[in-house]
Amino acid sequence: MTTVTVTGLTKRFGAFEAVRDLDFEVTPGITGFLGPNGAGKTTTLRILLGLIRPTAGAATIDGRPYAALAHPRRTVGAVLEAGGFHPGRTARRHLLILTTGAGLPASRVDEVLDQVGLADAAHRRVGGFSLGMRQRLGLAGALLGDPGVLILDEPANGLDPAGMAWLRRLLRDLADQGRTVIISSHVLAEVAQTADRAVVISGGRLRYSGLLDGLAADGLEAAFLRLTEEAPR
């Protein structure tokens with residue numbers, strides 16, 4: 001069981017305060033990380049993944065910052081955008097390069113391609129992939145290390161209804177295995193069908209952290225709008 005903990009997290013870019021004094025904990029299961037554009041979600045996730053440093057506070061995985069993890073790819077898998085692929089490489093080649101860089105067994109490549117439904121496209125060049133296929137490939141890369149934590153930013157972007165239903169089932173299966181899954185999304189209807197818990201931020205500050213049922217008594221959209229309106233920085 002892997003826990004993600006954010007404590008007193010603050011990040012300033014010059015005079016702009018992107019997040020301020022955030023405190024929340026994410027436990028195994030599926031957590032929707034919600035907020036309007038500019039709320040500070042991406043900043044928080046980038047700090048958690050060690051891509052930027054906080055001004056104050058900490059974001060840790062089982063008590064350790066990302067940089068201190070002994071085997072980061074085996075602990076955390078992340079998809080922050082459906083990009084970063086060389087268009088001339090095949091899906092399989094892209095994943096093989098990732099396994100080499102992370103010290104993971106090459107056997108994982110075919111396993112994750114099958115897991116995300118891309119086995120038949122393994123030898124196709126990524127440049128010809130649709131956005132939905134790129135999302136699946138990004139997810140395959142995140143799963144290579146069989147991590148206990150998954151961090152996914154808009155994972156349903158580009159997926160058709162069948163793809164969204166597939167993603168929902170996959171994430172539930174992963175959560176049922178005891179993994180901690182964090183989904184940042186603007187598709188509230190999909191989050192309502194998928195998540196167990198929610199963390200809502202707006203204006204860089206925490207607005208809610210708890211069970212989704214406690215947030216959505218009057219509907220997730222209504223609760224979200226109520227929590228995020230008039231949220232000055």
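In this predicted model, F33 has a relative accessibility of 3% and therefore counts as buried. A good place to begin a tour is the ring of this residue, which has an aromatic partner: F24 and F33 form a pair. F24 is likewise classed as buried, because its relative accessibility is 10%, and the limit for that class is under 20%. A pair of aromatic rings is described by the distance of the centres and the angle of the planes. For F24 and F33, the centres lie 5.8 Å apart and the planes meet at 40°, an arrangement that counts as tilted. Searching the whole structure yields 1 aromatic pair.

F24 also leads to strand β1, which spans residues 4-13. T5 is found in this strand, and F24 is one of the residues that T5 contacts once neighbours within four places in sequence are set aside. The other contacts of T5 counted in this way are E25, A58, A59 and T60. T5 has a relative accessibility of 22%, so this residue counts as partly exposed. The C-alpha atoms of T5 and R179 are 15 Å apart in space, although 174 residues separate the two in sequence.

Aromatic rings also meet charged side chains in this model. The charged end of K11 sits over the ring of F13, at 5.1 Å from the ring centre. In a second case, the charged end of R136 is placed over the ring of W166, and here the distance to the centre is 4.0 Å.

R136 and W166 both reappear where two helices meet. Helix α5 covers residues 131-143 and helix α6 covers residues 161-176; their axes come within 13 Å and cross at roughly 10°. With such an angle, α5 is therefore roughly parallel to α6. On the α5 side the contact is made by R136, L139 and L143, while α6 contributes G163, W166, L167, L170 and L174.

Helix α5 has a further partner in α3. The axes of α3 and α5 are 10 Å apart and pack at an angle of about 30°. These two helices therefore count as roughly parallel, since the class takes in angles under 35 degrees. Their crossing is right-handed. A91, H94, L95 and L98 are the α3 residues at this meeting, and L137, A140 and G141 are those of α5.

What angle separates α3 and α4 where they pack? Helix α3 (residues 91-102) and helix α4 (residues 107-115) pack at about 130°, with 9 Å between their axes. The two are therefore oblique to each other. The contact involves A91, R92, L95, L96 and T99 from α3, together with V109, D110, V112 and L113 from α4. As α3 passes α4, the crossing is right-handed. A91 and L95 of α3 thus take part in the contact with α4 and also in the contact with α5.

Is V109 of helix α4 buried or exposed? With a relative accessible area of 0%, V109 counts as buried, because the class holds values under 20%. Leaving out residues up to four places away in sequence, V109 touches R92, L95, L96, T99 and L144. R92, L95, L96 and T99 are also named among the α3 residues that make the contact with α4. By contrast, N37 and V109 are 72 residues apart along the chain, with 35 Å between their C-alpha atoms.

Methods. Residues numbered from 1 in each chain as written. Predicted model: local features only at pLDDT ≥ 70, side-chain atom pairs only at ≥ 80, totals over all residues. Heavy atoms only, no water. Phe/Tyr/Trp six-rings, centres within 6.5 Å; stacked < 30°, edge-to-face > 60°. Buried < 20%, exposed > 50% of the residue type's maximum accessible area, 1.4 Å probe, protein only. Lys NZ or Arg CZ within 6 Å of the ring centre and 35° of its normal. Axes fitted to C-alpha atoms, helices over the stretch in contact; angles between N-to-C directions. Helix = DSSP H or I, 4+ residues; strand = E, 2+ residues; numbered from the N terminus. Parallel < 35°, antiparallel > 145°, perpendicular 65-115°, else oblique. Left-handed = near helix turned anticlockwise from the far one by under 90°. Contact = heavy atoms within 4.5 Å.
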